[in-house]
Amino acid sequence: MSGLPDFAASLLSFLPDWAQAIVWYGVVALILFISVILTMAFLTLAERRVIGSIQARIGPNRVGWNGIGQPFADVLKLLVKEVIVPSSSSKFLFVLAPLLALIPALCTWAVMPLWPGFTVADINAGLLYILALTSAGVYGVILAGWAANSKYAFLGAMRAAAQMVAYEIAMGFALVGVVMAAGSLNLGEIIDAQRGGFFSYFFWWLLPLFVVYFVSGVAETNRAPFDVVEGESEIVAGFHVEYSGMAFAVFFVAEYVNMILISALTAVFFFGGWLSPFEGYPFPSWLAWLAAPHFIWFFLKISFFLFCFLWFRATFPRYRYDQIMRLGWKVFIPVTLVWIFVEGLFWIYKIGPWAVA
């Protein structure tokens, strides 16, 4: 069947065409979902160990071999805790809010090019799809703060709304520069436009946009030092102060899934996704695999940016709210606008990657 790999079409040949597509994409989506969730689980362990190492203290080392079972212990602990819905809350919206925070982050992986030739949904407007879903995710945070009928939660939700508007605009402008460089909204084609090795990545010519995008991504995920939305020392955990048990866990999962997503998108937009940084280098035959595009390169790039998330949390203090707003509105947005103009000049005068061969 068109659109399915040959081995999948042969395995499912006993089914009609429409059923083959449903079964195949259902299985792929399930595997992708489980992979993201497991990565998120062990990211929590990695965070504790990395921060412990940076701060010269011991991380988890009791559950399982050298602490490897800690993520599963956390899940078990949250499963047995009671989920309390405040009597004065809007109960339906209170329960719905965590799902609105998590589902968009998971759905975004449908258009992610994981390795050469493989994307669950290879759509031409993949970048617009990602912008729509990443923007929708913050509504779960806002709705949670409003539905809880708590002043602390509501204050956290309002902070989230203001922070989202400030940094979403900067992220959008940064991606305009990526589209100008790649000439496409398709994520696979954006990666293909960066072929040629490490020095062909958009990172070099779009460095200010890369910095704006990644730092804005940290702010969008409400991670330190931009975690004023939760602000434990100010508003006692903010928007999720009334959540407990698995309802709180869904918000926790959403935060980490969004971290993985931002890291993956940064790798795709500015560091060539699954492309090898050694592409085009004259390796001997037994090392030729180093120059080949592969999922391993994508995984390593994602891992590096995830480490940066953990590094920032262990290093920087929380910014004041006015500092965060000033950075978003008065620094990042002007920087992106100026660099888009500079990039336009590069294109007009055929400088750098826009030079005519």
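Tutor: One term before we start: a helix here is a DSSP run of H or I with at least four residues, and helices are numbered from the N terminus. Also, this is a predicted model.

Student: Got it. Which helix gives the largest share of the lining of the largest pocket?

Tutor: That's α12, which supplies 9 residues of the lining.

Student: And how many residues line that pocket in total?

Tutor: There are 41 of them. If you want to find the centre, look for Thr221, Asn222, Arg223, Glu230 and Glu255, the lining residues nearest to it.

Student: Which other elements give two or more residues to it?

Tutor: Besides α12, you'll find α2 (17-54), α4 (91-107), α5 (126-136), α6 (138-147), α7 (151-182) and α10 (207-220).

Student: How much space lies in there?

Tutor: About 780 Å³.

Student: What's the lining like by class?

Tutor: It's a mix: 20 nonpolar, 9 polar and 12 charged residues.

Student: OK, what about the second largest pocket, how much space does that one have?

Tutor: About 500 Å³. Its lining has 22 residues, with Ser35, Val36, Thr39, Phe295 and Phe299 closest to the centre.

Student: How does that lining divide by class?

Tutor: There are 19 nonpolar residues and 3 polar ones, with no charged residues.

Student: Which helix gives the most there?

Tutor: α2, with 10 residues. α13 (295-315) also supplies at least two.

Student: Switching topic: how many residues are in the largest nonpolar core?

Tutor: It has 92 residues. Those with the most contacts inside it are Trp109, Met112, Tyr213, Phe214, Phe269, Phe270 and Phe298. Our helix from before, α12 (residues 245-270), gives the most to this core, with 17 residues.

Student: Let's zoom in on Tyr213. What does it touch?

Tutor: Leaving out residues up to four places away in sequence, Tyr213 touches Met171, Ala174, Leu175, Ile262, Leu265, Thr266, Phe269 and Phe270.

Student: Back to α5 for a sec. Which of its residues are buried?

Tutor: Gly126, Leu127, Ile130 and Leu133.

Student: Why do they line one face of the helix?

Tutor: Look down the axis of α5: the buried residues fall within an arc of 130°, so they line one face.

Student: And what do those buried residues pack against?

Tutor: They pack against α4, α7, α8 (187-192) and α12. So you meet α12 again, and α12 is also what gives the most to the largest nonpolar core and the largest share of the lining of the largest pocket.

Methods:
Residues numbered from 1 in each chain as written. Predicted model: local features only at pLDDT ≥ 70, side-chain atom pairs only at ≥ 80, totals over all residues. Heavy atoms only, no water. Core = buried A, V, L, I, M, F, W, Y, C linked by side-chain atoms within 4.5 Å. Buried < 20%, exposed > 50% of the residue type's maximum accessible area, 1.4 Å probe, protein only. Contact = heavy atoms within 4.5 Å. 1 Å grid on protein atoms, 1.4 Å probe; cavity = no way out; pocket = protein on both sides within 12 Å on 5 of 7 lines; lining within 4 Å. Points joined across faces, edges and corners; volume = space filled by probe spheres on them. Nonpolar A, V, L, I, M, F, W, Y, C, P; charged D, E, K, R; others polar. Arc of directions from axis to C-beta.
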